[in-house]
Amino acid sequence: MKDIPQAVCCPSSAGRIFDPVKVYGIPAAEVLTALTSSEPIKAAVAIAALNALSAVCWERELAGDYRIRMDTDALDVVRMPVDRSVAVIGAFVPVLRKLKARGGRWWVIEQDPQTLRGDEMRHFISADESRETIAAADVLIITGVTLVNHTLEPILAAARADAEIAVIGPTASLLPDALFARGVRVVGGVRVKKPDELLDVLAAGGSGYHFFDKLAPRMVIEKPS
């Protein structure tokens, strides 16, 4: 949130996002040029466009050689027995809850430690000091937000070749080939089934708690064995 421009009421901040008045009808190729943008909102819009194009590919049965499971929680697919060390990139509440119940050795790599609760702080690793932890982990569970803030590439580069790697979150609802080529085995996102209703929910201030499953079922994509 700290990286997102404040109220776009002046030219300097308004110029940091796509013009909302003109964004409807922009060619997809033009939107995708923002995939490498340092502005989080621009990059997020580009990722959203990429996800939408990916959904069109699946609707037209243009999927690659991988398995797609609908109405499935990615955490049920990630292999993380208690004897394997786990590094979580981003403070995923459901993942942390599962790791607390599981026990064993695990870490939370996060840019903002204020997102963690007191009993979670002993597992905290600063994002600036995370390379050794990433390299040591048997399992990596990575938030899809890393696609927006451009931290995913160095994380995957630091991971062990034999690590179990999952990228999870609505942001990661895209064709997975590039992720699989970089060592990811599980991609967990959503598939928007009712876009108009979902936009109404967002316009009313809703979040994932209000649209998951009913309007946007969870989706898991697995790399072929």
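In which sense do β7 and β8 pair, and over how many bridges? I looked this up: strand β7 (residues 186-190) and β8 pair in the antiparallel sense, over 5 bridges. Strands pair if DSSP finds at least two bridges between them. Valine 187 has isoleucine 221 in β8 as its bridge partner.

Notes on the model. I am reading a predicted model, where local features need pLDDT of at least 70, side-chain atom pairs count only at pLDDT 80 or more, and totals for chains, interfaces and linings use all residues. Residues are numbered from 1 along each chain as its sequence is written, and side-chain values use heavy atoms, with hydrogens and water left out.

The sheet. I traced 8 strands (DSSP E runs of at least two residues, numbered from the N terminus) in an open sheet with mixed pairing, in the order β1-β8-β7-β6-β5-β2-β3-β4. β1 and β4 (124-126) are the edge strands, each pairing on one side only.

Helix α3. I checked the length of α3 (residues 40-59), a helix being a DSSP run of H or I with at least four residues. Its 20 residues should span 28 Å at 1.5 Å a residue (1.5 Å times one less than the number of residues), and the end C-alpha atoms are 28 Å apart, so the two agree. Its buried residues (under 20% relative accessible area, 1.4 Å probe, protein chains only) include Pro40, Ile47 and Trp58. The buried residues of α3 pack against α2 (28-32), β1 (67-70) and β8 (218-222).

Isoleucine 142. I listed its contacts (heavy atoms within 4.5 Å), not counting residues up to four places away in sequence; among them are Ile89, Phe92 and Ile165.

Technical notes:
Buried < 20%, exposed > 50% of the residue type's maximum accessible area, 1.4 Å probe, protein only.
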